[in-house]
Amino acid sequence: MNPLELTRARPGEAFTVTFDGRPVTALPGQTVAAALWAAGVPAWRTTRGTGRPRGVFCGIGVCFDCLVTVNDRTNQRACLVPARPGDEIRTQEGTGRDDD
């Protein structure tokens with residue numbers, strides 16, 4: 001069963017953000033992480049040095065595994081940042097700085 005049906009949730013109108021240039025649908029109140037997960041994207045950051053993929057680990061803003069670049073701002077915790085219409089979200093490579 002759909003979780004929205006179980007809770008009788010009535011979210012507002014869906015909107016679009018982009019992730020690495022592709023459109024992703026989000027709902028009002030969703031975090032960037034929730035919108036990406038719902039779109040089937042499990043990872044959106046790579047580690048320094050080894051380039052291993054990372055996504056949500058703790059989901060409460062403690063671990064920093066979910067860092068992402070939102071509207072050219074690096075090091076945004078996807079599990080805490082609310083998705084907004086028109087957001088441009090990008091995979092963050094390493095620290096998100098050009099000097100990695």
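**Confidence, fold and a few local details**

Confidence in the chain bottoms out in helix 1 (residues 3-7), with a mean pLDDT of 71, and peaks in strand 1 (residues 15-19), at 98. Here pLDDT is the predictor's confidence in each residue, on a scale from 0 to 100. The chain as a whole averages 89, and 91% of the residues score at least 70. Where pLDDT is low, the predicted coordinates should not be read in detail. This is a predicted model, so to speak of a local feature a pLDDT of at least 70 is needed, while side-chain atom pairs count only at 80 or more and totals for chains, interfaces and linings use all residues. Numbering runs from 1 along each chain as its sequence is written, and side-chain values use heavy atoms, with hydrogens and water left out.

Now for the overall build. The chain holds 2 helices and 8 strands, in the order α-β-β-α-β-β-β-β-β-β along the sequence. Both kinds of element are DSSP runs numbered from the N terminus: helices are H or I with at least four residues, strands are E with at least two. The C-alpha trace spans about 45 × 25 × 20 Å along its principal axes. The radius of gyration is 14 Å, which agrees with the value near 13 Å for a compact globule of 100 residues. That radius is taken over C-alpha atoms, and the globule rule is 2.2 Å times the number of residues to the power 0.38.

Next comes the surface. Of the 100 residues, 33% are buried; buried means under 20% relative accessible area, exposed means over 50%, and partly exposed is in between (1.4 Å probe, protein chains only). The accessible surface comes to about 6400 Å², and carbon and sulfur atoms account for 51% of that. These areas come from the Shrake-Rupley method with a 1.4 Å probe, and for residues only the protein chains shown count as cover.

Contacts tell another part of the story. A contact means heavy atoms within 4.5 Å. Among contacts between residues at least 6 apart in sequence, 38% join residues at least 24 apart. Thr 31, in the loop between strand 2 (22-26) and helix 2 (32-38), gives a neat case: its C-alpha atom is 6.1 Å from that of Leu 80, 49 residues apart along the chain. Setting aside neighbours within four places in sequence, Thr 31 touches Ala 78, Cys 79, Leu 80, Val 81, Pro 82 and Ala 83.

Two other loop residues are worth a look. Thr 47 sits in the loop between strand 3 (45-46) and strand 4 and is buried because its relative accessible area is 15%. With neighbours within four places left out, Thr 47 is in contact with Arg 52, Arg 54 and Gly 94. Phe 64, in the loop between strand 4 (53-54) and strand 5, has a relative accessible area of 41%, so Phe 64 is partly exposed. Not counting residues up to four places away, Phe 64 touches Arg 45 and Arg 77. The C-alpha atoms of Phe 64 and Ala 38 are 20 Å apart, with their positions 26 residues apart along the chain.

Finally, the backbone. Most residues other than glycine have a negative phi. Asn 71, though not a glycine, has a positive phi of about 50°. Asn 71 lies in the loop between strand 5 (67-70) and strand 6 (73-77) and counts as partly exposed because its relative accessibility is 38%. Asp 72 is found in the loop between strand 5 and strand 6, and its phi is also positive, near 70°. At 59% relative accessibility, Asp 72 counts as exposed.
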